[in-house]
Amino acid sequence: MAPTVKCIVLTGNGTNCEMEMAHACRLAGAEVVEIVHLSELLCGEKRLEDYHFLNLPGGFLDGDDLGSAKAGANRILHAKTRGREAGATSTEARLYDQFSRFIEDGKLILGVCNGFQLLVKLGVLPAFDAMERAQTVTLTYNDSGRFEDRWVHLKVDPASPCVYTEGLTGLYLPVRHGEGKFIPGSAEVLARLHREHCIALQYSTADTAAATLDYPANPNGSVDAVAGICSASGRIFGLMPHPEAYLHRTNHPRWTREDLPETGMGLALFRNAVSFIKRQRL
Amino acid sequence: MLNRIEIGFREGIRDALGEKIRRRIVEHLGLAVDRVRTVDVYTVEGDLATAELEAAAAGPLSDPIIQTWSVNRALADRFDWLVEVGFRPGVTDNVGKTAGEAIRLLLGRADAASVRVYTSRQYILNGPLGRAEAERIAADLLANDLIERCELIDGKAWNPARGVAPCAPKVAGEDRPRVEEVDLDVDDAALLEISGARVLALNLEEMRKLRDHLKDPGVLRERARVGLGARMTDAELECLAQTWSEHCKHKIFNARIAYDDGTGRVRVIDSLFDTYIKGATRAVRARMGENDWCLSVFVDNAGVIRFDENWNLVFKVETHNSPSALDPYGGALTGIVGVNRDPFGTGRGAKLIFNTDVFCFASPDYAQTLPPRILHPRRIYEGVREGVEHGGNKSGIPTVNGCLVFDDRYLGKPLVYCGTGAVMPARLDGQPTHVKEILPGDRIVMTGGRIGKDGIHGATFSSEELHEGSPVTAVQIGDPITQKKMTDFLLVARDRNLYRCLTDNGAGGLSSSVGETARLAGGCDLDLAKAPLKYAGLDPWEILISESQERMTVAVPPEKLGAFLALAAKMDVEATDLGRYTDSGRFHIRHGEKTVASLDMDFLHDGVPQLKLSARWTPPDHAEPDFPEPADLGPALKAILARLNICSKESVVRQYDHEVQGGSVVKPLVGAANDGPSDAAMIRPFLDSFAGVVVANGICPRYSDLDAYHMAAAAIDEAVRNAVAVGGTLDHLAGLDNFCWCDPVESEKTPDGAYKLAQLVRANEALYDVTTCYGVPCISGKDSMKNDYAIGDTKISIPPTLLFSVFGRIDDVRRAVTMDAKKPGDLVYILGMTYDELGGSEWYALNGFVGNTVPRVRPETAKARYDALARTIRLGLVASCHDCADGGLGVALAETAFAGGLGMDVDLAKVPAEAIGRNDALIFSETPSRFVVTVSPDREAAFLEPFRGQTAARIGTVTADGHLRLRGLRGEALLSETIGVLKAAWQRPLNF
């Protein structure tokens, strides 16, 4: 029998796509899906180690007041958690330690939009060398200088180790952000991302055949049209477009005029994650 | 100790904000500037070592990949002008608050006072600008003098070593709360003087009522028992002024009105609200009988209807006009996060699922001299747009529907309508959730933000016209994240049944939220000294009426107080026990042990005297238009498509997240290229179900120039029509009325008050007639009656405006229809008769006329049409359906065609019309209740079945060749344009 897949969808402090992300996990076949408020982790009621799949949804952590997800990353890096047993001698540890442990255990993390920004600013993505986490790329203000909600075509790198995009060639999903422009910290970082096929998703032309730098197909001016990157293991994945916003054909902007499958394209990412966990018996 | 941390972009990294500002300087101000860079400044107060400041700068405050930072050293160099803009003392600084929290967390400092942060921003300008031009950029674009301070530095005098001196805009207040007593035993002139000087906005009769109240021996005895004398305390006076304000008591809507309908006959109307609005709802509900799905109407912060067995729907629309005139960004942001708290604070609390917004502005291209204290309409447009963007997007609520209306009479006061819908479980622990209950002994707990001087006098200020002395403190700036944290917490507390009910702190602050909820128990005993303050120096009356944002007042049973407060602490939300509800019959307010107000609850709530007003209707008589029919209607159609009221609003729509929460079904932009104008929104609030909610609105202020009756009828019809166009049905549609009027009380300032009041009466008559015919009950509403500007000799009054919003249940969203033509060969139908009704139309306006033939709703025939159309949509017989009104048939056909990426051949001779001999009149008449529908030929017979006996005519065919071709009334080739050209004309005007 396949093991029970347990998903945690983290929320609080300005996160706002937790409901649909949890729905995606359920549709994908996960047996346990919990929306957990950050405060439940901090007070020790919940622990990341009890789950297989960490979902970091979109939103505006702390209003993105210091730049997208900056204050959110600062909290995960520096906030202390309390021990599990109430009343017992308090065992303070950094929340970040739970994150590190989760990653070291080879478990799955998916960050969408603000969740992607958080992973990048924590240095968890791309993190070529899993132990050495410093920020090496960023996501910043769109070239247009404005927030935009629009649907984009995405090209999938078939050679990417990304667990989530396995078997996919292209996607059509909405972006909804003001700070999605991907910039690598150096040419070396970018080269290595390409070399190791960490750039799982690129903004593309409508046929999803070629990456594009042209606005609005590339909605934010991302360098090399990067829309999503994964860790070298493929188990940690962040992307700006919202897969959880396209779970049913009625989410598609042209569903009243096109013949579409009942299930939305975004679900494939979650299905891949859940079946990976079952396969790997994480 | 103050330190400055500056954050700038590295060389070669695009400064998107700087670039946006540069474009605005060039395009909006017409000034030449080469480059604009921005630097974010954090002024840090606290005892911090240099290493700690550096850790903060390099850590949470900057992005190492693209930014650079400095501590106590200026980054700016080699510029012509530098403008640094920061907040004035006491103005909400959300970024400063977040930065302070981040630094304290980083450095492990628990005490909030140990590190405080104040933010400002530098705009570094390079270009051939003189001082006057730089000052203009600062004043007209970068800083709002009302809430921001601004420093201008000449590059030639710049010393980078010295930089800009650090400045902390603290509120310097002393904690010495004072209670002032006001002697009301004075003559009439002095009473009015008191009302004016304190921004009480009370009239003479109301002031006299207060004066006489204090002469009642019984009242004096009661007061003596709590240590109060024959004078009113400032807290009492302010509280009464809030509670009795036009804003809170709707005195005009509840007035006794002698109405002369123009024939000389005078009829007395005892409360427009009760007679027409509540009256219509009563009539509709009586007809629904056992199937009445209205649950809570006009009694709570929002209206509640049934969605299904387990869930209720909640909706409220508010206005935030006056604050948005002064500070467009803060005013509009507060407008949206403020209306969020209305459905949230309804019954036992509801989860927010959609926002709507409708803005009325003067033209962004307004080129005349601006009167004093008025911001340029483009600045208001951008500020309001951005405020609602931040408020809506950051709260995670999709903005699904809205519109922009332009008329230069909105120059004095823009209208900012914000609406929010919500869902609540029908029952909690078996008890209905839409009913509020409070028992004596329940604790009064305030949650969320702290109290400052922001938003003092908001309620009374919006009950006046915008004038020279309008108070700046009336403006607040919302903080969506503090509110989001609070609502996250309260929904958990609700589901654990930790409180009895809750309400929002909006206009009038605690005086209003506690005052209102205390009626449920029968009194209250509140200690203002316990209220958490943003800074010292607030007097008790200020604490009582402050409109500081993000606060809810919650009634918590005493046995649950501990659990409630513990959950709040865990979820990092401030919650404070301020006192208890009682059954004493008194509104009793203390500061510590000292009583600062003690008012009889009945006097507070029911003591306001009824206004007595007169209204007189005189039909206006405009010049009859006199211009020739154009031979080629192509240029005319393009000009109409480019009218501000008709053109694409895509640039605004895209900046609002309309898909968050995952239930988007009919989006605001639809069609082959995702850019056609949707008529209404549809969402699925529950992702495991196909039941949906339809949301639409209607607004037609131009028709007020002819007859406000038809303005209101057209607005209601438009909202209903839009909902039906996507798949809504009249069986389950509820309405909200939002009246924004110019002052209709005749006075020296308003000599035409009787006419404006007659307009209001007529609009209400229309509301009754149309909603009762359609069976669409109003469940909530709002009025804002003083939308005038009067400074010096200039008076600007808005056109009387009714926004009508509807929402309702959809059984199966998979039957929804969008407005874009779907396939070549589909047949084009028009539903409904076209009359010669161009009075107040866009076509007449374009030609410089108003005219007299106002578009009229014919509710009986319209209702039959809506029912038939709903049936055909439910049966899947309709390919596309588009509302036909503003700009008439011409616009509806063009939009249907270009949204579908398809052409259309149409024969105008086939359009059912009455007494229309001109082609321009036929395609631009704005007769309401019509639709343009496309139907697949194989479904034509079935489609027509329900329309038997009605006006429905096949007028053309959808084509593959990308041309819109119209054949004229005399069989002539009237118009042939490519859809690309038409779409481009429609997309250009507001594409900035």
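## A hairpin in chain B

In this predicted model, His963(B) has Thr978(B) as its bridge partner in β45(B). The two strands concerned are β44 (residues 963-967) and β45 (residues 973-978) of chain B, which run antiparallel and are joined by 5 bridges. Between the strands of this hairpin there are 5 residues, and Gly971(B) takes a positive phi near 80° there. As general background, strands of a sheet pair through backbone hydrogen bonds, and they can do so in a parallel or an antiparallel way.

## An open sheet of seven strands

Chain B also holds an open sheet of 7 strands with mixed pairing, whose order is β20-β22-β19-β23-β21-β24-β25. The edges are taken by β20 (501-504) and β25 (594-600) of chain B, and because each of them has a single partner strand, one side of each is left without a neighbour in the sheet. On average, and with direction ignored, neighbouring strands of this sheet are turned by 25° against each other.

At one of these edges, β25(B) pairs with strand β24 (residues 586-591) of chain B in the antiparallel sense, over 6 bridges. Within this pairing, the bridge partner of His588(B) in β25(B) is Ser598(B).

## A three-stranded sheet and its helices

Another open sheet of chain B has 3 strands in the order β10-β9-β26, again with mixed pairing. Here β10 (266-270) and β26 (612-616) of chain B stand at the edges, and since each has a single partner strand, one side of each remains without a neighbour in the sheet. From one strand to the next, the twist averages 20°. Strand β9 (residues 256-260) of chain B pairs with β26(B) in the parallel sense over 5 bridges, and Asp260(B) finds its bridge partner, Arg616(B), in β26(B).

Helix α10 (residues 272-288) of chain B packs on this sheet, where it touches β9 and β10 of chain B, and the direction of the helix makes about 80° with that of β10(B). Helix α23 (residues 753-774) of chain B lies across β9, β10 and β26 of chain B, and runs at about 85° to β26(B).

## Where chain A meets chain B

How many residues of each chain take part in the contact between chain A and chain B? On the side of chain A there are 61 residues, and they are in contact with 66 residues of chain B. The size of an interface is often given as the accessible area that is lost when the parts come together. For chain A and chain B this buried area is about 5,100 Å², with 54% of it on carbon and sulfur atoms.

Between the two chains, 28 residue pairs are in polar contact, counting pairs with both residues at pLDDT 80 or more. The side of chain A that touches chain B receives its largest share, 5 residues, from α3(A). The residues of that side divide into 17 nonpolar, 24 polar and 20 charged.

## Salt bridges

Across the interface of chain A and chain B there are 6 salt bridges, and one salt bridge joins the side chains of Arg14(B) and Asp143(A) at 3.4 Å, N to O. Over all chains, the count comes to 89 salt bridges.

Within chain A, the side chains of Arg279(A) and Glu166(A) meet in a salt bridge of 3.7 Å, N to O. Arg279(A) lies in helix α7 (residues 267-280) of chain A, whereas Glu166(A) lies in the loop between β8 and β9 of chain A, so the pair ties together parts that are 113 residues apart in sequence.

Methods. Residues are numbered from 1 along each chain as its sequence is written. Chains are lettered from A and ligands numbered from 1 in the order in which they are written. This is a predicted model: local features need pLDDT of at least 70, side-chain atom pairs count only at pLDDT 80 or more; totals for chains, interfaces and linings use all residues. Side-chain values use heavy atoms; hydrogens and water are left out. Contact means heavy atoms within 4.5 Å. Buried area is the accessible area (1.4 Å probe) that two parts lose on being put together, summed over both. A salt bridge is a side-chain nitrogen of Lys or Arg within 4 Å of a carboxyl oxygen of Asp or Glu. A polar contact is a pair of N or O atoms within 3.5 Å; within protein, one must be able to donate a hydrogen and the other to accept it, and residues adjacent in sequence count only if both atoms are side-chain atoms. Helices (H or I, at least four residues) and strands (E, at least two) are DSSP runs, numbered from the N terminus. Ala, Val, Leu, Ile, Met, Phe, Trp, Tyr, Cys and Pro count as nonpolar, Asp, Glu, Lys and Arg as charged, and the others, Gly among them, as polar. Two strands pair if DSSP finds at least two bridges between them. Axes are lines fitted to C-alpha atoms, for helices over the stretch in contact, and angles run from 0 to 180 degrees between N-to-C directions.
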